[in-house]
Amino acid sequence: MRSLFAPLLERLSELGRRVRMLVRRERFDRELEDEMRLHREMKEREFVEAGVSREEAHYAARRRFGNATLLKESSRSAWGWTWLEDTVQDVRYAFRSLRRNPGFVSVVVFSLALGIGANSTIFSVMNALLYRPLPYHGADRLAAIWETPLGHADQRQAPPIAELLDWRKQNHVFEDIALTSGTESSILSGTDGPEPIRIQDVTPNFFDLLGMKPILGRIFTADEMQELTQTVILSDSFWKRHFNGAPDVLGKSFTNHNTGIVSTIVGIMPPGFAPFYGEPVDLWQPINPASRRYSARQDHWLMPVARLKPGVTLAQAQTEMDVIARRLEQTYPATNKGIGKKLQPLHEALFGWARQPLYPLLGAVAFVLLIACANVANLLLSRTETRRNEYAVRASLGAGRRRLMQQLFAESGLLALLGGALGVVLSYWGIQLFRALAGEFPASGSINIDARVLLFTLGISLLTALVFGLAPAVQASNPNLNNALREAAGRTSSGSRSLTRHALAASEVALSMVLLVGAGLMITSILRLQKVDPGFDAANLLTMQIRLPEGGKYMQRVPGGDMERASPQVTAFHREVLDRISSLPGVESVASATGLPMHFSEGYTFSILRHPAPPPDQRPRAGYTEVSPDFFRTLKIPLKKGRYLDDHDTEAAPWAVVVNETFAHRFFPNEDPIGQQLLLRYDPYPVNEERPRQIVGVVGDIKQYGLPRPAPPFIYASYLQQPAVYPGGAIVAHLWKDLAIRTASGARPQDLPAAVKKIVAALDPDQPVTNVMTMDKLLDESLEDTRFYMRVLGIFAGMAVLLALMGIYGVMSYFVNERTREIGIRVALGAQSADVLSMVVKTGLRLALIGIAVGIVLALGVTRLIASILYGVKPTDPITYGAVAVSLITVALLACFLPARRATKVDPMVALRYE
Amino acid sequence: MPREEIPPGTLDLLILKTLARGEEMHGYEIARSIQRVSEDVLQVEEGSLYPALQRMLIKGWVKAEWGATAENRRARYYRLTAAGRKRLEAGVSQFRRVVQAITRVIQTA
C-alpha cells in the first residue's frame, strides 16, 4: 500500500515546500544572500591565507561567484516560481508606467469599456433568454411536445388535450407529461368593479413536473376540473393583494359574477413562480384531460411539457413518440391522419425565437469591440514607438524577447481588465437602456449581470487584450537595437510601422461602414413603413376593446362536447353599445370588429360551392373577422365591387360576406366573385358552418397583420349573421369586440372613453372597457420592433463612428508629429499652408476611402443577415451605401481637421532646430 | 594538479556523498570537502553549487538549518535525509553501471 502512495506523498510534500518558499520568499532571498556572502568571505580568507593580497583576494572571490544576481536568480528558479514573480513584477511595472499617462489610459479604457460594455449588455440578454437554464429542478430534462399538421412537417401546433392520456399510457421515456396554457387574460368581477387578471390552465401534475411545491395548501388532485365549480391555486402576489397574505384563505371561495364559476382556493404558490411566459400569473385553474369535454380531440390550445426519464436522450424520446404517432393514426384516423409529433427542449420551445433577432446584434457589438481594439492597438503602437529606446535599452541589458512581449501583454491585460471592469458598470445601464428600447418581452425582467455574464466579460477582456496587444508586443520585442539606439531621438519610424497604423485606422472605417449601413437600412425601412398605406384612413379613429366573458350569461357550454352556445344577449349587447355610441356628440360613425388591423384575427378554411372540393389537407384558408355593417364606412375602406354589408343582412336574410381584393384575385382569378357561395369551417374542427355565405362585395386590402406584411385573403361577415353554436373556442370572435370610433376632426376624443365606459357600465356593470388607443398610435406601435432594431443598431453605429473618429484623429496626429521636420523643410522651401493642408487631408482621405471600399464589400456580405427585418429596401441599397460613404468621408475630414491645422502652423525654424 | 569540470548530473551525487558521512556542512564546507577528497581535481563552481542545493531542498533529499560556525558566524548547514540517502544509493549504483559500461567501450576500442 505504502509504495503505491509514496510517489504521490512525495509530490505533495514537494509542492508544500514550493508553496512555503513562495510565501516566505523575501526571507528566502535574504538567507540565500547571507549564505553566499559567508561562502565568499571564506573563499576570500582562503586566498589571503594562500598569500594573495587582501584586495586581490576580495575581487578574486567575487569573480568566482560571477554575476551574483544571476546566481541568485538561478537558485530561486529551482523553486519554480519565476513565472509568477515575473508576472507580478510585470503587472507592477505596467501599473507604474500606466500611472504616468492618465490621459492615454483614460482614452484606452474608455474605448474598451464602450466595446466591452456593449458586448456584455447583449450577452446578458442572450444569457437570460438562451443560456441560463430555466429556473426549474432538472430543467434540462424538460421538453415540449408538438404535433405537426398533415402535410406541414415543419409547422408546430398544440396537440388535442385528450391525447395526453394516450401518450402517458403508451410511452416508456417520460417520467410524466403535463399540459399548460399560455398566460390568459380574464376579468375577475366581484367586490370593487371588474379587474383584469391573468390565469393559466394546467393539468394537476404540472406543478410536480416542474418540481414546485405550494407554500400553503395543496396542488390540484387529478379529478378536479374546470366546470361550474372548481378549485384554484393562487399566486403569492394575488394572495397578498387580495387576502393580505392571510393563512386562513384556504377553503375560501369566490364567485366570478360574469362566468358564474365558484372557485375554491386550495393552495398558494411561492413568490415569483409564473411559468414560462415572463408575465405574472394570478391564478391557476385545473384541466382534466379525461373530461368528456375534450373527447372530440379538437382542442389544440394547451402545450404539453414532458420530463424525460434520467438517461433518456431527446432522440430516443422522439423515436418513441414517432411510434406513438403512427399508432394514434390508426386508432383515431379522423383526427390524426398524417399527424406527426415533434419534441423540442423546453428552453428552445420557449426562447428559441430570440436567436434570430439577437445574433445580428451580437455581431454588431462584436464589430464595435473590434473597432475599439483597432483603436487601442493604434494608441499602443504609437506609445511603443515613442518607447522604443526603453525597449532597446532593456533588450541590451539582457531582457529576453519573450520577457519583453510578456511585459507588453501585462500592460495590455491590465488595460483590458480596467476596460472590462468599467464595461460591466456601463452594461448595467446598457441593460436598462435595452429594456427601455425593447419594451415588454418574455423574461425581460430576468436580464441581469450574473456570474456567467461576468465570466464572459472577463473572457472577452482578456481576448481583446490579446487582439490589441499583439501588434505592439511584436513590434516592441523586435526593437532592432542598432537602429533604435542610433536614432536616439527616434523621430522617424519605419514604413511598415506606419502602414500597420494606417491599416488599423482604415479597418476601423471599414467596420463602422458596416454598422452604419445596417443602421441606415433600418432607418430607410422605418421611413418606408411610415409611408405604407394601411388601406384605410387611420386619422381621427379611436379604438378600444370590449371582451365579453366566456361564460355566465353570455355563453353556455353544450354538454357532451366542445361546443358553445352564444346567448342572444351578445348580439343585443353589441348592437346597443354601437347605437348609443353613435349618438354621442362628436362621433361621426362607430363600428366593431373582432380584431382590428394590427390585432389578432381568426382564420377559417372554406370550400366554394360548385367548385371541386379540395383535399382535406389543402383546404384554402383566409383571415376572418366578424364586423358590424358600418365597419367599411367607418374605416373608409374603399368598395371595389358589389356592395358593403348593411342592416338588411339580418339573421333571417341570406348570409352575406364581403371579401378583400386579394381574396377575389386569388380564389376567383377568372370568375366574378360576386354571388359565389362559401362554406366556412373552423379548422381543424371537421364540420362546416350550417349555412353558406354569399359574397356580396369586394373591398380594398388592408394591412391586417402589420404594415410590413402583405394583406392576406380576408373574409368579413356581419355579427348579426352568426350561428347559435360555435365549435371549440370559435365563439370568442362573437364575444370579443374591438370598437373603432371615427370622430369629427374638430372633436376632442379625450372625453370619449369615459362616455363609452359609462354606456357599457349602464348595460353591464361588470364589463370593463380596455386598451383605449388611437388608431394612429396602434399603427405606430406595430412598428416598434423595427424601430427598436433601428435604435439599437443606430446606437452601435454611433459608437463605432465615435471610435473611428478617435482612431483617425490619433493616426493623423501621429502622422503630423512624425513629419514636423519634413513639413518644416517644405515650408522653408516655399510650400504654402494650402499645400501642407492638402498633404495631411489627402493622407486622411486615402485612409478613409480604402476603409470605405473594404467596408462596402463587408457590408454587402453581412447585411444579408438582417434582410428579413428590412422593409422596402434591399440590403444592397446603393443610396444607403452612398449616404453612409459620404458621412464617413465627412467624419474622416473632421478627424483630420485639427492635425491638419496644427501642420499648417509648423514654424520651419522651430521644426528644424528641433533636430 | 589540473582542475576538471564536474560532469553534468554528477554534482548532486557528489554533494549527497559528501553529506552522507554524517556531518552537517554549510555550502563552503561542501565545496571544500569535494575539492579535498578529489585531491583538487574537482572544483565545485559556486554558480552551480547553490542552484543544486536549492533543487535538492525541493526534492527533499537534504534539509537545511541555520547554525553557527566555529567562529560563531551564521551559516546554513545541510544534512542528508532518508530520501536523500536512498537517492544516493540509487545514484551511485547507476553511476557505477554507466562508468563500467563506458570503460568497457573505451577498452574495446
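**Contacts and cores in the predicted model**

In chain B, 51% of the contacts with a separation of 6 or more are made by residues 24 or more positions apart; two residues are in contact if their C-beta atoms, placed from the backbone, lie within 7 Å. This is a predicted model, in which local features need pLDDT of at least 70 and side-chain atom pairs count only at pLDDT 80 or more, while totals for chains, interfaces and linings use all residues. Residues are numbered from 1 along each chain as its sequence is written, and chains are lettered from A and ligands numbered from 1 in the order in which they are written.

Chain B has four helices and two strands (DSSP runs numbered from the N terminus: H or I of at least four residues for helices, E of at least two for strands). Along the sequence, their order is α-α-α-β-β-α. Of its 109 residues, 26% are buried, that is, 20 or more other C-beta atoms lie within 10 Å of their own.

Turning to chain A, the largest nonpolar core (buried Ala, Val, Leu, Ile, Met, Phe, Trp, Tyr and Cys residues joined through C-beta atoms within 7 Å) holds 159 residues, and A:Val368, A:Leu515, A:Phe796 and A:Ala800 touch the most other members. Helix α25 of chain A (residues 784-818) gives the most to this core, with 20 residues. The core lies between domain 2 (139-353) and domain 3 (356-530 + 784-913) of chain A, because both give residues to it; the domain bounds come from an automatic or database domain assignment. Beyond its neighbours within four places in sequence, A:Ala800 contacts A:Phe367, A:Val368, A:Ile371, A:Leu511, A:Ser512 and A:Leu515. A second, separate core of 67 residues includes A:Met563, A:Tyr604, A:Ile715 and A:Val756.

Key
Buried ≥ 20, exposed ≤ 12 C-beta atoms within 10 Å, placed from the backbone.
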